[in-house]
Amino acid sequence: MVKIKGVDAKAIKDSRGEETISVVVETETRKKFSASSPNGKSRGKNEVKIYKKSLDSDIKNLKKMGDYLSEEILEFFDDLRRVEDVVRENVGGNSILALEYAVLKAIADEQNKSVWEVVNNSYLNLREADMSFPRLVGNCIGGGEHSKEVERSKPDFQEFLLIPETGSPEKAYEENKKSKDNVKDFLKKSDKNFKEEQNDEKAWQVSLNQKQALDVLKKLNVPLGVDVAASSFYKRKKYSYRDPLIKRTPEEQLVYLENLIKNTNLFYIEDPFQEEDFESHAKLLKKFPDSLVVGDDLTVTNPKRLKKAIKNKSINALIVKPNQCGSLLIVKEVCEIAREAGIKTVFSHRSGETDEDILSDVAFGFQADFLKSGITGKERESKLLRLIDIQEEVKKKK
């Protein structure tokens, strides 16, 4: 069992050079465990506040928490409830998440386990032989809020994704890196403004529109996906596209997406409509039940919104971003609801990432169907490499 002796916190830089939080937990045995939270740039309006008042105030409050937590005995994943009960009113979602990550590391170390084993024992308690690995979802070409304009142009859609069919993280990782290199060569020929520059998530920055970007990716023999991030360009009840310059009503957006899916054989479509339009999501899913219609801004890792999406038959997959809800206990609840309803789970990084790799342990422990963590860039690759390490751990246990 773990008893906390002290808590420390500080600001660190994320992959975009912006400040986020890092937390250190010191246990009664004098061991220290650190963890950090990422930053999201494209945030759904229903996400929790990342800090109570500010990053600085959360840091000050966390440093006072050691005394309040010192009497708590922490042994299992569900004991995070005791942590949340103490700190919930004092700090925001990012801070709680980093603290919970650090506590999980301490519990795992005390039991001589990996974090994923602590998570799994609280969730499904599967034998290693019965566990499967999430398929990788990698952002290859970028647009939307994550990208700068190239010669005053960029795709309206936020991400253009590669989703290898292999269940081996190592093979998928290598396949995505190779595909991204091939796409660079394609872009040199198809985008006269291409400068081999990358965006916030280390995806290629292009001056193409979404159809042109998908035409490039179609040259690969890899299942494709897009994150439309439709809320980011939904204004005055219309979807305002810039290339070509056109405004689409929700009905026109539905027709546009239907044609895009048919013509490009898209496997994965994330946030195809604005974050309150459960009905249009449902219409798209009804027409394409074999594709994944994925909620992110629509569901924001929130049990109530997920239940509403299930009731309306709006999605068959959802993004799980732990700092959207600021609670690993809520993440567990969301995963339980999704599993019961047959909804696929996609654990996801954020655009402002850190070297923290625990997301892979949590995703594998909760038996996620997919892990979305880019293709290259050290902050994103840390998670992919951790998943590969977990694969080796599991092999040794079999």
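Where is P244 found? In this predicted model, P244 sits in the loop between strand 9 (238-242) and strand 10 (245-248).

## Unusual backbone spots

P244 is joined to D243 by a cis peptide bond. The omega angle there is about -5°. Most peptide bonds are trans, and most residues other than glycine have a negative phi.

Two residues stand out by their phi angle. A229 is not a glycine, yet its phi is positive, at about 50°. A229 belongs to the loop between strand 7 (224-227) and strand 8 (234-235). Is A229 buried or exposed? A229 counts as buried because its relative accessibility is 3%, and the cut-off for buried is under 20%.

V300 is the other residue to look at. V300 has a positive phi of about 40° and is not a glycine. Look for V300 in the loop between strand 12 (292-295) and helix 10 (303-311). V300 is buried, with 1% relative accessibility.

## The nonpolar cores

The largest nonpolar core holds 110 residues. Which of them touch the most other members? They are L99, F157 and F347. Helix 4 (residues 93-110) gives the largest share of this core, with 11 residues. Apart from this core lies another one, of 10 residues. Its members include L161, Y268, V346 and F370.

Now follow L99. Set aside its neighbours within four places in sequence. L99 is then in contact with V7, V23, V25, L62, L69, V83 and V87.

## The sheet of strands 1, 2 and 3

Strands of a sheet pair through backbone hydrogen bonds, either parallel or antiparallel. One open sheet here has three strands, in the order 1-2-3. Their pairing is antiparallel. Strand 1 and strand 3 are at the edges. Each has a single partner strand, so one side of each has no neighbour in the sheet. Neighbouring strands of this sheet are turned by 20° against each other on average, direction ignored.

How many bridges pair strand 2 (residues 19-27) with strand 3? There are five bridges, in the antiparallel sense. V23 has A35, in strand 3, as its bridge partner. Helix 1 packs on the sheet and touches strand 1 and strand 2. The direction of helix 1 makes about 165° with that of strand 1.

## Salt bridges

Side chains of opposite charge can pair when their charged atoms come close. This structure holds 28 salt bridges. One of them joins the side chains of K63 and D8, at 3.9 Å from N to O. K63 lies in helix 1 (residues 55-63) and D8 in strand 1 (residues 4-13), so this pair ties together parts 55 residues apart in sequence. K63 is partly exposed, at 46% relative accessibility. D8 is partly exposed too, with a relative accessible area of 40%.

R350 and E47 also meet through their side chains, at 3.2 Å from N to O. This salt bridge links distant parts of the chain, 303 residues apart. R350 is in the loop between strand 14 (344-348) and helix 13 (358-365). E47 is in the loop between strand 3 (32-36) and helix 1. Are these two buried or exposed? R350 is buried, with a relative accessible area of 3%. E47 is buried as well, at 11%.

E84 and R88 form another salt bridge, at 3.1 Å from N to O. E84 is buried, at 4% relative accessibility, whereas R88 is partly exposed, at 29%. Salt bridges can also form a network: E159, D227, E270 and K372 are linked in this way.

## A look at R248

R248 is part of strand 10. R248 counts as buried because its relative accessibility is 13%, and buried means under 20%. Which residues does R248 touch, not counting those up to four places away in sequence? They are K238, Y239, Y241, Q253 and Y256.

C140 is 108 residues from R248 along the chain. The C-alpha atoms of R248 and C140 are separated by 26 Å.

Terms used
Residues numbered from 1 in each chain as written. Predicted model: local features only at pLDDT ≥ 70, side-chain atom pairs only at ≥ 80, totals over all residues. Heavy atoms only, no water. Core = buried A, V, L, I, M, F, W, Y, C linked by side-chain atoms within 4.5 Å. Buried < 20%, exposed > 50% of the residue type's maximum accessible area, 1.4 Å probe, protein only. Helix = DSSP H or I, 4+ residues; strand = E, 2+ residues; numbered from the N terminus. Contact = heavy atoms within 4.5 Å. Salt bridge = Lys/Arg side-chain N within 4 Å of Asp/Glu carboxyl O. Pairing = 2+ DSSP bridges. Axes fitted to C-alpha atoms, helices over the stretch in contact; angles between N-to-C directions.
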